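Q: I would like a close look at one part of this model. Please keep it brisk and connected.

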Amino acid sequence: MSEPSFITDFIEKLQKLDRRALAILRRSASFAPGAYPAAYPYVEHHVGADWHPQDSRRQALYITAMLFALHPRQAEVSLATALGRLMKARDSDSIELRFIALLAADGDELPYYLRQIVSLLAADEHGIDYAELLQDLIWWLKSHSPESRDRIRQKWARDFYRQLAQTPAAA
């Protein structure tokens with residue numbers, strides 16, 4: 001299965017989970033990605049045969065599943081675009097500070113900052129493209145490639161600040 005179809009398949013399966021499964025995945029937010037055994041039945045079979053406990057794909061799957069459970073609203077908008085729209089709507093500098101903290105996060109801090117961002121988006125019912133987020137997280141978490149992380153940071157920064165630069169009629 002190709003990476004894009006795998007990602008789409010994973011997100012579609014998350015959308016079909018029952019409330020109990022989503023509650024388990026929400027509870028996984030209290031643990032490091034992939035460290036909450038109750039979440040294994042919902043994620044682990046997607047990991048694949050050649051995985052390592054610190055594998056970027058495995059960690060990204062657990063983070064995405066947890067975030068989706070916190071705010072299961074799928075949209076065709078990137079995380080950074082949705083956050084930029086939220087900042088513009090609320091006119092709140094604290095949102096930009098949280099976004100900058102997210103961009104500065106390392107792999108261990110990333111789930112914490114993403115939970116904050118997704119909680120903000122959920123409060124105003126802003127959906128995000130979880131398939132795109134999963135792909136971005138896979139690249140971000142590639143520990144052997146700081147260039148990948150920088151590429152995603154720059155992409156998110158462009159998406160976020162593009163929303164702030166737009167006039168209300170163009171947004």
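How much space lies in the largest cavity, and what surrounds it?

A: This is a predicted model. About 90 Å³ of space lies in its largest cavity. The count of cavities of 30 Å³ or more comes to one.

Start with the lining. It consists of 14 residues. S28, F31, A32, P33 and G34 lie nearest the centre of the cavity. By class, eleven lining residues are nonpolar, two are polar and one is charged. Two elements, α4 and α7 (110-123), each give two or more residues to this lining. The largest share is that of α4, with three residues.

Now follow helix α4. It covers residues 56-70. Its 15 residues should span 21 Å, because each residue adds 1.5 Å and the expected span is 1.5 Å times one less than the number of residues. The end C-alpha atoms of α4 are 21 Å apart, which agrees. The helix is mostly covered, with 13 of its 15 residues buried.

The helix also feeds the largest nonpolar core. That core holds 55 residues. Its largest share, nine residues, comes from α4. The members that touch the most other members are L79, L102, L114 and W156.

Take L114 from that group. Setting aside neighbours within four places in sequence, L114 is in contact with I63, L67, L79, L102, L137 and W156. Among these partners, I63 and L67 belong to α4, residues 56-70. L79, L102 and W156 appear again here, as contacts of L114 and as core members with the most touching partners.

Notes:
Residues numbered from 1 in each chain as written. Predicted model: local features only at pLDDT ≥ 70, side-chain atom pairs only at ≥ 80, totals over all residues. Heavy atoms only, no water. Helix = DSSP H or I, 4+ residues; strand = E, 2+ residues; numbered from the N terminus. Buried < 20%, exposed > 50% of the residue type's maximum accessible area, 1.4 Å probe, protein only. 1 Å grid on protein atoms, 1.4 Å probe; cavity = no way out; pocket = protein on both sides within 12 Å on 5 of 7 lines; lining within 4 Å. Points joined across faces, edges and corners; volume = space filled by probe spheres on them. Nonpolar A, V, L, I, M, F, W, Y, C, P; charged D, E, K, R; others polar. Core = buried A, V, L, I, M, F, W, Y, C linked by side-chain atoms within 4.5 Å. Contact = heavy atoms within 4.5 Å.
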